[in-house]
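Visitor: I have a structure to read and do not know where to begin. Could you take me through it one feature at a time?

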Amino acid sequence: GGADLTGNAIALQRISVLCLRNEAARKAAALDLQKQGEEALAAGDSAKAVELLLKALASDPDNAEIKEEEILAEKLKRAQDLKRLGDDQMGRDDYTAALGSYEGATALNPDDAELPPRINQAEKKKTAKDLETYGDEAVAVRDYTAAVDAYDSALAQWPDSDEMGTWPENAHFQAKRDEAAR
């Protein structure tokens, strides 16, 4: 019996050493993935950072630092997604939705220097479109002075608009046509 106990103790000791080596290798792999995730984050690739940091967490689930970095990467990824969505919405002339997307992205990543100009542009284009609507309504009731004022204000908000430059002229033309018809 004593030889069996000694043999078992030696086997347990070997298993323990192997487990410690395995644990060290697992933690080393987690740290390597964490470093790669940090590099991806620094390069602005938050999606890749999330992927790598989740793998690192799978290797070392109790590592609080990796958990914090993964949460940050998720926030930055969500902010990038919202910024892209806002850009798509701007392309479809949905300025109200774009404004909401950009503001959501700013809440998640207030340090993104690209967002304030996008928000400013969305606000100006939204205001210009609202003024266009007001001007169209004024033309419909033949209040050409109000229409021209609204269109001029819209043009001041969005001076490089292709279509806005013709609004005031259209309102003036309609006013003169109506005067001639009287």
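Guide: Begin with how elements get their names: a helix is a DSSP run of H or I with at least four residues, and helices are numbered from the N terminus. With that in hand, Asp112 can be placed in the loop between helix 4 and helix 5, the latter covering residues 115-140. Keep in mind that this is a predicted model.

Visitor: How many helices and strands does the protein chain have?

Guide: The count is seven helices and zero strands. Read from the N terminus on, the order is α-α-α-α-α-α-α. Of the 182 residues in the chain, 33% are buried.

Visitor: Is Asp112 buried or exposed?

Guide: A residue counts as buried when its relative accessible area is under 20%. Asp112 has 16%, so Asp112 is buried.

Visitor: Which side chain does Asp112 join in a polar contact?

Guide: The partner is Lys83, and the contact between the two side chains is 2.8 Å. The Asp112 side chain also reaches the backbone nitrogen of Glu114, again at 2.8 Å. Lys83 is one of the buried residues of helix 3.

Visitor: How do I read the length of a helix?

Guide: Compare its end-to-end distance with the span expected at 1.5 Å a residue. Helix 3, residues 64-91, has 28 residues and reaches 41 Å between its end C-alpha atoms, close to the expected 40 Å. For helix 5, with 26 residues, the reach is 37 Å against 38 Å expected. Helix 2, residues 46-59, should span 20 Å with its 14 residues, and its end C-alpha atoms are 20 Å apart, which agrees.

Visitor: What happens at the two ends of helix 3?

Guide: At the N-terminal end, Asn63 acts as a cap, with a side-chain oxygen 3.0 Å from the backbone nitrogen of Glu65. Just after helix 3, Asp93 has a positive phi of about 60 degrees. Helix 5 is followed by a positive phi as well: Arg142, just after it, takes about 65 degrees.

Visitor: How do I read a list of buried residues in a helix?

Guide: Look at the spacing. An α-helix has 3.6 residues a turn, so residues three or four places apart point the same way. The buried residues of helix 3 include Ile66, Glu69, Glu70, Ala73, Leu76 and Ala79. In helix 5, the buried residues include Leu115, Ile119, Ala122, Lys125, Ala128 and Lys129. Helix 2 has its own list, with Ala49, Val50, Leu53, Ala56 and Leu57 among them.

Visitor: How is the packing of two helices described?

Guide: Two numbers are used: the angle between the axes and the distance between them. The axes of helix 3 and helix 5 come within 12 Å and cross at roughly 30 degrees. That makes helix 3 roughly parallel to helix 5. Their crossing is left-handed.

Visitor: What are the angle and axis distance for helix 4 and helix 5?

Guide: Helix 4 and helix 5 pack at about 160 degrees, with axes 9 Å apart. An angle over 145 degrees counts as roughly antiparallel, and the two helices are therefore roughly antiparallel to each other. The crossing of helix 4 and helix 5 is left-handed.

Visitor: How many aromatic pairs does the structure hold?

Guide: One. The ring centres of Tyr95 and Trp158 are 5.8 Å apart and the planes stand at 85 degrees, so the pair is edge-to-face. Tyr95 belongs to helix 4 (residues 95-108), while Trp158 sits in the loop between helix 6 (144-157) and helix 7 (167-181), so the pair ties together parts 63 residues apart in sequence. Both Tyr95 and Trp158 are buried.

Visitor: How do I compare distance along the chain with distance in space?

Guide: Take two residues and note both values. Leu31 and Leu53 are 22 residues apart in sequence, and their C-alpha atoms are 9.5 Å apart. Leu31 lies in helix 1 and is partly exposed, with a relative accessible area of 48%, whereas Leu53 is one of the buried residues of helix 2. A second case is Glu39 and Ala49, which are 10 residues apart along the chain, with 7.7 Å between their C-alpha atoms. Glu39 lies in helix 1, residues 2-42, and counts as partly exposed at 46% relative accessibility.

Notes: Residues numbered from 1 in each chain as written. Predicted model: local features only at pLDDT ≥ 70, side-chain atom pairs only at ≥ 80, totals over all residues. Heavy atoms only, no water. Expected span 1.5 Å × (residues − 1). Buried < 20%, exposed > 50% of the residue type's maximum accessible area, 1.4 Å probe, protein only. Polar contact = N/O pair within 3.5 Å; in protein donor to acceptor, adjacent residues only side chain to side chain. Phe/Tyr/Trp six-rings, centres within 6.5 Å; stacked < 30°, edge-to-face > 60°. Axes fitted to C-alpha atoms, helices over the stretch in contact; angles between N-to-C directions. Parallel < 35°, antiparallel > 145°, perpendicular 65-115°, else oblique. Left-handed = near helix turned anticlockwise from the far one by under 90°.
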